[in-house]
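User: I should like to go through the reasoning behind several labels assigned to this model. Please set each value against its definition.

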Amino acid sequence: MSARAFPIDRIGTTDTGNAALGYRIRCICSAVAFYPLKRGVKRRTPESIPQHFRSFGWQVGTTDRKDRCPECLKRAAPTPEETETMTTPQKGPAVNVVPLKAEPPPEMSRADRQIVFAKISDHYSGEGYCSGWTDKRLAEDLNVPAAWVREVRDQFFGPEGSNPLLDQFLKAQAEFDREYQAVMEVRKRYLDDGKSLRNRLDDLDGKARDLAGLAKRVEKEIGR
């Protein structure tokens, strides 16, 4: 158990005015929970401190930055770093943190399956979707998990198939990217050539001025 994760903090006063000590845990969202040390009670063991916070739904990390309150855990699944932290045994007296399991996707009811089936039937023809439709778009249109659409389509219809409109877009985009890169290469070459030409012209201009000065000297010396 690290002092950073569970700093001892004054959390109140007793009837006699003496400060009561306890352990505090803080989430990145500023939520705070306390574990008071009561008078006359046997001293808490190091293992009991993180276990106390876990019993109230907290995630106990190896540092205070990895602690999470129950509300934050409900809103987001653990990151790979947090998962690794939760499954890695901690050194010292603290107990190992039990890894959290991500919430499974909602199950599809019979009514849900019928709705998805009807929607796919409206937009599926032959060996694939009609133009403009995909599993993803259909799921977004129904506001259901894409896995539901994929499951029903695989079971009753067939492969998702190529989408003519999407294929047309991807082909046009690839052609545009190739032409754009070719134009940019020509533009760069002309810019480089133009810069080189300007440098040569500047050099010739300087030489012309030097030559004109020399001509005046020759004319002056010969004309004596």
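Analyst: Helices (H or I, at least four residues) and strands (E, at least two) are DSSP runs, numbered from the N terminus. The model is predicted, so local features need pLDDT of at least 70 and side-chain atom pairs count only at pLDDT 80 or more, whereas totals for chains, interfaces and linings use all residues. Residues are numbered from 1 along each chain as its sequence is written, and side-chain values use heavy atoms, with hydrogens and water left out.

User: What makes Lys 136 and Glu 140 a salt bridge, and where do they lie?

Analyst: A salt bridge is a side-chain nitrogen of Lys or Arg within 4 Å of a carboxyl oxygen of Asp or Glu. The N to O distance for Lys 136 and Glu 140 is 2.6 Å, so the pair satisfies that definition. Both residues lie in helix α5, four residues apart, about one turn of the helix.

User: Why is Lys 136 called exposed?

Analyst: Buried means under 20% relative accessible area, exposed over 50%, and partly exposed in between (1.4 Å probe, protein chains only). Lys 136 has 54% relative accessibility and therefore counts as exposed. Glu 140, at 52%, is likewise exposed.

User: Why is Lys 119 called buried?

Analyst: Its relative accessibility is 18%, which is under the 20% limit, so Lys 119 counts as buried. Lys 119 is found in helix α4 (residues 110–123).

User: How do you know that Lys 119 forms a salt bridge with Asp 141?

Analyst: The closest N and O atoms of Lys 119 and Asp 141 are 2.7 Å apart, so the pair meets the salt-bridge definition. Because Lys 119 lies in helix α4 and Asp 141 in helix α5, the pair ties together parts that are 22 residues apart in sequence. Asp 141 is partly exposed, at 45% relative accessibility.

User: What is Leu 142 in contact with, leaving out residues up to four places away in sequence?

Analyst: Contact means heavy atoms within 4.5 Å. By that criterion Leu 142 touches Ile 115, Val 116 and Lys 119. Leu 142 and Val 116 are 26 residues apart in sequence and 7.8 Å apart in space, C-alpha to C-alpha.

User: Why is Leu 142 called partly exposed?

Analyst: Leu 142 has 23% relative accessibility, which falls between the two limits, so the label is partly exposed.

User: Which residues does the salt-bridge network that includes Arg 153 join?

Analyst: Asp 154 forms a salt bridge with Arg 153, the closest N and O atoms being 2.8 Å apart. Salt bridges that share partners join Asp 135, Arg 153 and Asp 154 into one network. Arg 153 is buried, with a relative accessible area of 4%.
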